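Biologist: Hello! Could you walk me through this structure, one step at a time?

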Amino acid sequence: DEFVSKIKDVLGSSLPALASYGLPALLNNRDFIGLGDSSMSEKVISFLPSVVMHCQRNMKSNSKGPVALLLASSCRQVRDIYKYFRDTGRSLDLECLEISEETSNDREDFQAEFHVAISTVSTMQKVHTSGHFDFGTISVAILYGVDELFDGSHAEAIGQILKDVHPERQLVAFSRSWLPDVRNAVLALAKNPVIVQIGDVETAPLPSGVTIDVRIMDDESAKKKDLQSLLEETLRKEDAGKTVIVVKTKRKAKNTKKSVDSKEFPADVLIAGRGRSKASDRDAVVKDFRSGKVKLLVATAATLKDIGKEEVKNLVMFDFPASPREFAHLLRQTAPALKVTKVYAYLTNVQGRHAPGLADLLRSAELEPSEKLVSLEEWAKSAAEGKGPPLPTGKEGGGDDDDKDDEDSDSSSDDDRRHGRGSSSHRDRDKDRDKDRDKERDRDRKRSYSRSRSRSRSSEDDYRSSSKRSRRSGGGSRWGDDDRDRGDRGYRRGGR
């Protein structure tokens, strides 16, 4: 406490709790790793200026250049942190530089004096390659959100950047999770770190008490057949409990619901979006699912949170997510809330590139991968090294092939519509809608034209009647006389 009070005397009395652990570690020439949930964000940001001030007082190089380097996972984080540094730095005499994609080649910005450089990893990698400033003056490297930084496969780029900073640099890292892959990546960069955890932090790669059955299929058609077999043999039993099937797109959710629906075991679909997919419709679907009227629900990953806390024994990942990390993140988010005990995950040979990561994920959770998954893992590794046959190519789950028979659904997914990848039937419907819009515009023009003609005729009649009244009363128009008499009297509009 006495040591912390002395730090507050030097660095200010508004020292957050996290700094009480971090600053003593830095003053002792040790690295610092702070772990906590998302509620720590403001506390972490308020701690960073104190870190930069400490490095400024203990510069390890006499050359001109920044003393701190901060890497964030997104441009939004970069802007938020820069705004805080900009507002706080005025009272602390700190200058910071926000490096964006547009300013990464602007040499004038790098020639001015600044103490901390803030950027994303990809942008800082370009600056590092161009050599706009000396990285050797950097005394501390700050990694903000390492769980997201290493999720973007930036581990190698971060390692290359940190090789060129000062040899005695210190590392400050913050993370919302402490998973095995994140832990190994951070500890490889840190030197004798002090690790402090505040609040709840995810430490297990997969939720406990959940059994995962990875089903390897040759293609999409084989995946559909296996789903029907799984429903008949297991999921439609009386004691099977409730089941949620997760697919990639809204259109595929509608089609999957049609294929799995039955009178004995009714199914429904839970999707997000505009139009017919209103909030009231989703509430009605969730109500039926909770009451037991519907025991089989087809949903997208975005609508799983709408189910709330409900006992769902079986979770079928019919379309595998974009990566094994995203698969694990989805399970950690949904499985505890839904009380899932069994997960069925489908993976086709086309998606074989995910097999090594998925197998490693299961092993890290002390789960044994199946023989088919191990075989696909070996195939993917040998194909990546060029020592074996390549993996098959083709469309992955969630594509338009599954939706050719859907005439009642909306147009293709938002992503397909945005990039113009809809099927021919969708393009025909778009053309019809365009024609309807053109017809509606023509009708509006005609109505507007007829209304303007009517107003013109009425105003002309009013003018004539007013002229008659003015002549009867002995008066004239605003120009002094009736317009029909102006030519005879030599009058013009605006003067004689």
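Modeller: Gladly, and please keep in mind that this is a predicted model. Let us start with Glu366: its relative accessibility is 75%, so Glu366 counts as exposed.

Biologist: Where does Glu366 lie?

Modeller: Look at the two helices on either side of Glu366, H14 (355-364) and H15 (371-384). Glu366 has a positive phi of about 60°, although it is not a glycine. Its place is the loop between H14 and H15.

Biologist: Ser370 is found in that loop between H14 and H15 too. Does Ser370 count as buried, partly exposed or exposed?

Modeller: Buried means under 20% relative accessible area and exposed means over 50%, with partly exposed in between. Ser370 has 29% relative accessibility, so it counts as partly exposed.

Biologist: How far apart in space are Ser370 and Arg215, C-alpha to C-alpha?

Modeller: Along the sequence, 155 residues separate Ser370 from Arg215. In space, their C-alpha to C-alpha distance is 8.6 Å.

Biologist: Which other residue has a positive phi although it is not a glycine, in the loop between H13 and strand E13 (342-348)?

Modeller: The loop to search joins H13 to strand E13. The residue there with a phi of about 55° is Lys339.

Biologist: Now for the inside. Which helix gives the largest share of the largest nonpolar core?

Modeller: That core has 39 residues, and those with the most contacts inside it are Ile212, Val244, Phe327, Val343 and Leu373. The largest share, six residues, comes from helix H13 (residues 324-338).

Biologist: Which residues is Leu373 in contact with, leaving aside its neighbours within four places in sequence?

Modeller: Leu373 is one of the residues with the most contacts inside the largest core. Leaving those sequence neighbours aside, its contacts are Val214, Ile216, Leu347, Ala355, Leu358, Ala359 and Leu362.

Biologist: How many residues are in the second, separate core?

Modeller: Among its members are Ile161, Ala173, Val182 and Val201. The size of this second core is 33 residues.

Biologist: One last topic, helix packing. Is H10 parallel, perpendicular or oblique to H11?

Modeller: Two packed helices are described by the angle and the distance between their axes. The axes of H10 (residues 220-235) and H11 (residues 250-260) come within 11 Å and cross at roughly 45°. Roughly parallel needs an angle under 35 degrees, and roughly perpendicular needs 65 to 115. That crossing therefore makes H10, relative to H11, oblique.

Biologist: And which hand does the crossing of H10 and H11 have?

Modeller: The contact involves residues including Leu227 and Leu231 of H10 and Thr256 and Val260 of H11. Where H10 passes H11, the crossing is right-handed.

Definitions and conventions:
Residues are numbered from 1 along each chain as its sequence is written. This is a predicted model: local features need pLDDT of at least 70, side-chain atom pairs count only at pLDDT 80 or more; totals for chains, interfaces and linings use all residues. Side-chain values use heavy atoms; hydrogens and water are left out. Axes are lines fitted to C-alpha atoms, for helices over the stretch in contact, and angles run from 0 to 180 degrees between N-to-C directions. Helices (H or I, at least four residues) and strands (E, at least two) are DSSP runs, numbered from the N terminus. Angles under 35 degrees count as roughly parallel, over 145 as roughly antiparallel, 65 to 115 as roughly perpendicular and the rest as oblique. A crossing is left-handed if the near helix is turned anticlockwise from the far one by less than a right angle, and right-handed if clockwise. Contact means heavy atoms within 4.5 Å. A nonpolar core is a set of buried Ala, Val, Leu, Ile, Met, Phe, Trp, Tyr and Cys residues joined through side-chain atoms within 4.5 Å. Buried means under 20% relative accessible area, exposed over 50%, partly exposed in between (1.4 Å probe, protein chains only).
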